[in-house]
Amino acid sequence: MFSSIKIAMIVIALATAGGGFLHYKTVKADLETAKANNLLLEASVEGQKAVIAQQENDFKSILAANATLQEQNKVLAAEFSALDDRFNKINAQGEVRDIGKLAVERSRSIERVINGATKKAMRCVEIAMGSPLTEKEENATKKSEINSECPSIANPNYVPY
Amino acid sequence: MFSTEVERAPLNLPNPETPKLEDLRWTIITSENAAEVFAKMQEQGKDPVLFGLSDDDYELLSKNFAQIRAYMIQQGLTLEQYRDYYEPKEETGKENAN
C-alpha cells in the first residue's frame with residue numbers, strides 16, 4: 001500500500017516536472033516569436049516613418065511649385081497690364097492716349113517706336129522658348145538697358161524702380 | 001512570391017531647339033504719307049502693297065501676342081516644375097555616380 005502511494009507520488013512529481021518543462025519550452029518558443037514579431041514591427045514602423053517623411057517632403061515640394069507658378073502668373077499679369085496701360089495711358093490733360101491719332105500726327109516716330117517694341121517682343125518669345133540670355137540682358141539693371149516688353153524673364157537682375 | 005518595385009527610367013527629353021525669329025518691320029501709312037510710302041517701296045524693289053491693320057487691331061494683335069508669350073512662359077515653368085519634382089537633379093547625379 002505504502003509503496004503504491006510512493007509510486008503514485010513519483011509519477012505525479014515526474015508528470016509535474018514534464019508538464020513544467022513542456023510549458024517552459026512553449027513559453028520560450030512564444031517569446032522567440034514575439035521577439036521576431038517585434039523586430040518586424042520595428043522595421044515596419046521605421047518604414048512608415050520614412051514614408052511619412054517622404055510624403056511631407058513631397059507636400060512641401062508641391063506647395064513650393066504652386067507658389068512659384070502663382071508668383072510667375074502675378075508677374076505676367078502685371079506685365080500684361082503694363083502693356084494695356086501703354087496703349088491707354090492718360091496724359092496730363094486727362095486724355096487717354098490714342099495710338100492711332102499719334103501715328104497720324106507723328107508717323108515716323110511712332111513707326112520707330114513700334115518697330116523697336118516689336119523687336120523686343122520677338123526677343124521675349126525667343127526667351128520664352130528657351131533661348132539663353134545674353135550677357136547684356138543678364139547684366140541689365142537700368143530702365144534704359146532692359147527689355148521693357150518682358151523684364152521679368154529677360155532681365156533677372158533688374159529691380160523695377 | 002515576392003515582387004520588387006523597379007523605378008521607371010527618367011524620361012529626360014531634351015528641350016526643343018530654340019528658333020531664331022526673323023525681324024519684321026511695321027510701316028505706318030496714313031492718307032497723307034501713302035504716296036510717299038508706296039514710292040519708297042517701289043524704289044526698294046518691293047511690291048507696292050501693304051497688309052494693313054487699324055490702330056485698334058494693332059493694339060489687339062500686340063495684346064494677343066503678349067497673351068501667347070505669357071502662356072509659353074507659364075508652360076515652360078510648369079514643365080520645369082514637373083522636371084524638378086519627378087526628375088530632381090540630385091537623383092540624376094546619384095544614378096550617374098552608380
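**Notes on the two-chain helical model**

1. B:Leu13 is exposed, because just 9 other C-beta atoms lie within 10 Å. The cut-offs: buried takes 20 or more other C-beta atoms within 10 Å of the residue's own, exposed takes 12 or fewer, and partly exposed is in between, with C-beta atoms placed from the backbone. B:Leu13 sits in the segment before H1 of chain B. From B:Leu13 to B:Glu32 is 19 residues in sequence, yet 55 Å in space, C-alpha to C-alpha.

2. Before going on, some ground rules. This is a predicted model, where local features need pLDDT of at least 70 and side-chain atom pairs count only at pLDDT 80 or more, while totals for chains, interfaces and linings use all residues. Residues are numbered from 1 along each chain as its sequence is written, with chains lettered from A and ligands numbered from 1 in the order in which they are written.

3. Next door, B:Asn12 has phi near 50 degrees, a positive value in a residue other than glycine. Most residues other than glycine have a negative phi. B:Asn12 is also in the segment before helix H1 (34-43) of chain B, and it counts as exposed because it has 8 C-beta neighbours inside 10 Å.

4. What does the secondary structure look like? Chain A has 5 helices and 0 strands, and chain B has 3 helices and 0 strands. Helices here are DSSP runs of H or I with at least four residues, strands are runs of E with at least two, and both are numbered from the N terminus.

5. Chain A is far from a ball: its radius of gyration is 42 Å, where a compact globule of 161 residues would have one near 15 Å. That radius is taken over C-alpha atoms, and the globule rule is 2.2 Å times the number of residues to the power 0.38. The C-alpha trace spans about 140 × 35 × 25 Å along its principal axes. Buried residues come to 11% of the 161 in chain A and 6% of the 98 in chain B.

6. Chain A is assigned domain 1 (1-95) and domain 2 (98-161), with bounds from an automatic or database domain assignment. Their C-alpha centres are 54 Å apart.

7. Where do the chains meet? The contact takes 32 residues from chain A and 27 residues from chain B; two residues are in contact if their C-beta atoms, placed from the backbone, lie within 7 Å. On the chain A side, H3(A) gives the most, with 13 residues. By class, that side has 19 nonpolar, 10 polar and 3 charged residues. Nonpolar means Ala, Val, Leu, Ile, Met, Phe, Trp, Tyr, Cys and Pro, charged means Asp, Glu, Lys and Arg, and polar the others, Gly among them.

8. The largest nonpolar core has 12 residues, including A:Leu76, A:Cys124, B:Ala70 and B:Ile73. Such a core is a set of buried Ala, Val, Leu, Ile, Met, Phe, Trp, Tyr and Cys residues joined through C-beta atoms within 7 Å. H3(A) supplies the largest share of this core, 4 residues. A:Leu76 touches B:Ala70 and B:Ile73, not counting residues up to four places away in sequence.

9. Finally, H2(B): its 32 residues should span 46 Å at 1.5 Å a residue, and its end C-alpha atoms are 47 Å apart, so the two agree. The expected span is 1.5 Å times one less than the number of residues. Buried residues in H2(B) are B:Ser62, B:Ala66, B:Arg69, B:Ala70 and B:Ile73, and their cover includes H1, H3 and H5 of chain A.
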